[in-house]
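Please examine the sequence and the three-dimensional model together. The explanation below is intended to be read with both in view.

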Amino acid sequence: MAKTAILVEGASDRVAVTTLAARRKLDLTERSIEVVALGGVTNVARVLLELRSAKDAPRVAGLCDSREIRYFRVALERAGLGDDLSMREMETLGFFACDADLEDELIRALGVSAVEAILKGEGDLPAFRTFQNQPYQRDRDIQLQLHRFFGTMGGRKVQYARALVEGLDLGAVPRPLDGVLTFALG
């Protein structure tokens, strides 16, 4: 069993964390860190309790969307790690929340122009332009369009988790993503 487990909501979050580690030349396996995709935030309490009850229980950290904080808070309470935890207290325990989610954090960190350049590099800029012309999308903010575009096709969120993290300036990594990886390494 790994010495540290980073709990994330899904596959795209797992890819983002592992891609950032690779970009920082960190071998997570060598450091005995496992990134665990929960398959949905509602599984966090069960997984956290299973990990904490293991014979060689790992140190645990986590990353979630801001709207899912309540699930992580309840899981931490059930695991005996505190009651009615503030976000600051949760971060002290290694649990970080993205505003609103990791895709939003990455889009803000990169900026629209850089994200569009990544779309072009991935061959998806024409599809994104078509998406922008859909009646519901035309009047929406481009950051919202980008966010929605990443979720419109199976596998796209995972593809862009990798591509967006690879495109980041390592000095501008979103705080929650940086925080959870830094905590796991500490």
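The following paragraphs treat the open pocket, the helix beside its lining residues in sequence, the enclosed cavity and the nonpolar cores.

The structure is a predicted model, and every value quoted here is computed from it. Empty space is a convenient place to begin. Rolling a probe the size of a water molecule over the atoms shows where such space is left. The largest pocket has a volume of about 150 Å³. Its lining consists of E9, G10, A11, S12, D13, D65, R67, E68, D101, E103, H147 and K157. Sorted by class, this lining comprises eight charged residues, three polar ones and one nonpolar one. Helix α1, which spans residues 11–23, contributes three residues, the largest share of the pocket lining.

Two of the pocket-lining residues, D101 and E103, lead to helix α5. D101 caps the N-terminal end of this helix, with a side-chain oxygen 3.3 Å from the backbone nitrogen of E103. Helix α5 covers residues 102–110 and is mostly covered, since seven of its nine residues are buried. The buried positions are L102, E103, D104, E105, L106, I107 and L110; the list thus includes acidic residues as well as leucines and an isoleucine. Just after α5, G111 adopts a positive phi of about 90 degrees.

The enclosed space comes next. A search of the whole structure finds one cavity of 30 Å³ or more, and the largest cavity has a volume of about 60 Å³. Lining this cavity are S12, A16, L102, E103, L106, F150, K157, Y160, A161 and L164. By class, seven of these residues are nonpolar, one is polar and two are charged. Helices α1, α5 and α9 (156–167) each supply at least two lining residues, and α9 provides the largest share, with four. S12, E103 and K157 belong to the cavity lining and also appear in the lining of the largest pocket.

The nonpolar packing completes the picture. The largest nonpolar core contains 39 residues, of which I6, V17, L63, F150 and L177 touch the most other members. One of these, F150, also lines the largest cavity. Leaving aside residues up to four places away in sequence, L177 touches A16, V17, L20, L63, L102, L106 and V165. Among these contacts of L177, A16, L102 and L106 are also cavity-lining residues. Apart from the largest core lies another core, of 21 residues, which includes L38, V41, C64 and A79.

Key:
Residues are numbered from 1 along each chain as its sequence is written. This is a predicted model: local features need pLDDT of at least 70, side-chain atom pairs count only at pLDDT 80 or more; totals for chains, interfaces and linings use all residues. Side-chain values use heavy atoms; hydrogens and water are left out. On a 1 Å grid over the protein atoms alone, a cavity is a set of points where a 1.4 Å probe fits but cannot get out, and a pocket is an open set with protein on both sides within 12 Å along at least five of seven lines; lining residues have an atom within 4 Å of a point. Grid points are joined across faces, edges and corners, and a volume is the space filled by probe spheres set on the points. Ala, Val, Leu, Ile, Met, Phe, Trp, Tyr, Cys and Pro count as nonpolar, Asp, Glu, Lys and Arg as charged, and the others, Gly among them, as polar. Buried means under 20% relative accessible area, exposed over 50%, partly exposed in between (1.4 Å probe, protein chains only). A polar contact is a pair of N or O atoms within 3.5 Å; within protein, one must be able to donate a hydrogen and the other to accept it, and residues adjacent in sequence count only if both atoms are side-chain atoms. A nonpolar core is a set of buried Ala, Val, Leu, Ile, Met, Phe, Trp, Tyr and Cys residues joined through side-chain atoms within 4.5 Å. Contact means heavy atoms within 4.5 Å.
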